[in-house]
Amino acid sequence: MNRVEPVLTPSEIKQAEVRAIAEGISGLELMRRAGRAVADWAERMASKDAHILVAAGPGQNGGDGFVVAALLAQRGYRVSLALLGQMDRLTGDAAEAAKDWAGSVIPAEEAPFHEADVIIDALFGTGLSRDLEGLARRTVERMDAAGKPILAVDLPSGLDGETGQARGAVVRASRTVTFGARKPCHLLMPGRSYCGPVEVDDIGIGSAVLAESGRLFANQPALWGGVLPRPGLDSHKYERGHTLVASGGAARTGAARLAARAALRIGSGLVTIASPPEAIGVNAAQLTAVMLKGCDGPEGLHAILTDERFNSLVLGPALGVHAATRAMVAVAVQARRSLVLDADALTSFEGFGSELRQAFRHGPTVLTPHTGEFSRLFKDHPDILDPPSKVERARRAAAYTGAVVVLKGPDTVIAAPGGRAAINENGTPYLATAGSGDTLCGVIAGLMAQGLPAFEAACAGVWIHAEAGASFGPGLIAEDLADLLPGVLRELLR
Ligand SMILES: NC(=O)C1=CN([C@@H]2O[C@H](COP(=O)(O)OP(=O)(O)OC[C@H]3O[C@@H](n4cnc5c(N)ncnc54)[C@H](OP(=O)(O)O)[C@@H]3O)[C@@H](O)[C@H]2O)[C@@H](O)CC1
Ligand SMILES: [K+]
C-alpha cells in the first residue's frame, strides 16, 4: 500500500458512516454494499454445492448477515440463516435488510454449525458493548467449536473493536471482511490472531473515513517513507549526524555495541560509544568503525556533550539500574539532544516515575519500554496503566512524559504526546531475542541523528527493525540484525 492507512475506532467509523449518509448515500445502501463484499468473499471460500450458514446477531452486523444470506441464495448456494434474537426486535437498516431474506429463520440455539461447509459470522461487529454471556456466548463458542471455515463480517464476534481484547468468548475466523478502514482490533493482539487475513472494502465511504481519521495509523512505509534520509552526492558524514551510545561496565558492554552498530548501519554519519574508563579496553578490542570515548558517569557525559556535534544519544542498554543512570538521563535532557531511552534508563525510574512528568517536552525523545518496563515505570499511575487499549496506554504515557513512546510487543504501538499513534504489524516472534531491543534503540537514534523527527524515527525504526528480523527468520540473533538493515533500506529507497 502506497497511501497512509488510517485505522478507525468503532466510534470514528460510526462518525464516518454518519458523514457518508449526510453526503447522500443511505444507510441501507451501505449495508447492502457491505453484504455484497462479504458475499463475494464467501464465494471464494465455498464450492457451488456448499452449505453456507449465516449466523446473524441482533444489531446492524446481523443486518449485513441478512444481505449476505439473500445474495448467496440468489447466486444458487444452499443457505441457512440462524438468528440470535427475534425478527420483530430488529431495528433500522437491519430490519429492512431482513426483508430481503425469504428463507426460514433458525433460532440461534438450534443453529446447525456442524452441518455447514462455510459459516458467515454476522453476530456482533463494532457495537459489542459488554462481555458475552448466556446464549450469545454459547452461540459464539458453538460456532467456534464446529471447526468450519468462518468468514467474519467486520470483525470476529466477541472481539472488542477498539481494544482487540476478547469479551468472554471469540470466534476464530479464517478471514475477515471489514468496511471503510481497519479497526484497532484487526492489528492489536490478541485480536489480530482471531481475524485471519483482513480484507477492507471501501463500500463507498473512503472520503468520509479520511475525514474522520488522523490520529491512528497502520505503521507502514507510507507513513514515514517520505522523510527517510537519502544522502545526496555532495553530502558528507558530518551532515549525517553523530550518535553517542553509553556503554555499561566492563562485563556489560555488548548492548551498547549492538546499538552503535545499528546506528551506523542505518546511516548515522558517525557513532561513538561513551564507555566507563574500566570498560575502554574491552570496548576497544571489539570496535572498528565505531569510535570510543571515555565517559565517567554523569559528569563525563556532560563533558562529552559540550561538543555540539553529538546530536543523538542512546541511554539505557546495560547501563545499570541506579541513581547515576537517572543522573545521566538528566544530563542528556539538559543538553537537549535527540534521545532514546531504553532498558535500565527506564527501570532506574521505577518508583521515580513522577520525575518523568513532562520531562522530555524540550527535546525529541523516544522511550522504548516493553510491557514489563512500562508497568514498572508507571506503577503509580493507574490512569496510564489501566485503559484496556494498548494504544490509549501508550498515548497517555506519551502525553505524561512529553516523549514519543514505543510500547513494544508483537503489536508494538508508537504514540506521540499529541495523540498521533501507529500500530506495527510486521514483527516476527524471532525478534524476541536477547539484544534485539538494543539494536532497535540504535536504529531509532541513528535515524534521529540524520534529522528524522522523533515520531517518524520511532515508526520507521520499529518497522525496519522488524522487517530485518523477518527477513532472517529462525535462528535470528541480535548480532545479525544490524547487518540485515542495508537489505531493508535498499528496498525502501528504491
Ligand atoms: N459503520 C459502518 O460504516 C457500517 C456498519 N455496518 C455494520 O454495522 C455494524 C455495527 O452495528 P451495530 O452498531 O448495530 O452493532 P453490532 O455489532 O451489530 O452489535 C449491536 C447489537 O448487539 C447487542 N449487543 C452488544 N453487546 C452485546 C452482548 N455482549 N451480548 C448480547 N448482545 C449484545 C446490542 O444490543 P443492546 O446493547 O442494545 O442490548 C445490539 O443489538 C458493523 O459492525 C457493521 O457490520 C454496515 O452494515 C454498513 C456500514
Ligand atoms: K462479526
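Where in the chain does Gly409 lie? Select it and see: Gly409 sits in the loop between strand S15 (404-407) and strand S16 (413-415). Keep in mind throughout that this is a predicted model.

**Stop 1: around Gly409**

While you are in that loop, add Lys408, Pro410, Asp411, Thr412 and Gly437 to your selection. Together with Gly409, these carry the UniProt feature "binding site", which comes from an unreviewed entry. Is Gly409 buried or exposed? Neither label quite fits: Gly409 has 15 other C-beta atoms within 10 Å, so it counts as partly exposed. A residue needs 20 or more such neighbours to be called buried, and 12 or fewer to be called exposed.

**Stop 2: the whole chain**

Zoom out now and colour by secondary structure. You should find 19 helices and 17 strands in the chain. The radius of gyration is 26 Å, close to the 23 Å that the globule rule gives for 494 residues, so the chain is as compact as a globular protein of that length. Turn it around and you can follow the C-alpha trace over about 80 × 50 × 45 Å along its principal axes. Of the 494 residues, 54% count as buried.

Two selections help to divide up the view. Pick residues 13-211 for the part that UniProt annotates, in an unreviewed entry, as "domain: YjeF N-terminal". Over that stretch the chain is 37% helix and 17% strand, and its end C-alpha atoms are 10 Å apart. Then pick residues 220-492, annotated in UniProt (unreviewed entry) as "domain: YjeF C-terminal". Here the figures are 43% helix and 13% strand, with the end C-alpha atoms 11 Å apart.

**Stop 3: strand S1 and its partners**

Go to residues 51-56, which make up strand S1. Five of its six residues are buried, so S1 is largely enclosed by the rest of the structure. Which way do S1 and strand S2 (residues 78-83) pair, and over how many bridges? They pair in the parallel sense, over six bridges. To get from one to the other, trace the chain from S1 through H3 to S2: this β-α-β crossover is right-handed.

S1 also pairs with strand S4 (residues 118-122), again in the parallel sense, over five bridges. A handy residue to click on is Ala55. Opposite Ala55 in S2 stands Ala82, while in S4 the bridge partner of Ala55 is Asp121.

Before you leave, click on Val79, which has its place in strand S2. Val79 has 26 C-beta neighbours inside 10 Å, so it counts as buried. Draw a distance from Val79 to Val68: the two are eleven residues apart in sequence and 9.6 Å apart in space, C-alpha to C-alpha.

**Stop 4: ligand 1**

Next, select ligand 1 and show what surrounds it. Which of the 29 residues around ligand 1 come nearest? Those are Gly59, Gln60, Asn61, Gly125 and Gly127. Three helices, H1 (10-22), H2 (27-45) and H3 (60-74), each supply at least two residues of the shell. The largest share, five residues, comes from H3, the helix you just followed between S1 and S2. Colour the shell by residue type and you get twelve nonpolar, eleven polar and six charged residues.

For a side trip, find Arg36 in helix H2. Arg36 has 16 other C-beta atoms within 10 Å, and is therefore partly exposed. From Arg36, draw a line to Ala422: they are 386 residues apart in sequence and 30 Å apart in space, C-alpha to C-alpha.

**Stop 5: strand S10**

Last, select residues 270-275, strand S10. How many of its six residues are buried? Six of them are, leaving the strand mostly covered. In a regular strand the side chains alternate between the two faces of the sheet. Look at S10 from both sides: Leu270, Thr272 and Ala274 are buried on one, and Val271, Ile273 and Ser275 are buried on the other.

S10 has parallel partners to find as well. Strand S9 (residues 242-246) is joined to S10 by five bridges, and S9, helix H9 (residues 254-265) and S10 make a right-handed β-α-β unit. Four bridges join S10 to strand S11 (residues 291-294), also in parallel. Finish by clicking on Ala274: it is the bridge partner of Ala246, and its own partner in S11 is Lys293.

Notes. Residues numbered from 1 in each chain as written. Chains lettered and ligands numbered in written order. Predicted model: local features only at pLDDT ≥ 70, side-chain atom pairs only at ≥ 80, totals over all residues. Near = placed C-beta within 6 Å. Nonpolar A, V, L, I, M, F, W, Y, C, P; charged D, E, K, R; others polar. Pairing = 2+ DSSP bridges. Right-handed = clockwise from strand over helix to strand, strands pointing away. UniProt positions renumbered as here; feature names shortened; annotations may be inferred. Rg over C-alpha atoms; globule rule 2.2 N^0.38 Å.
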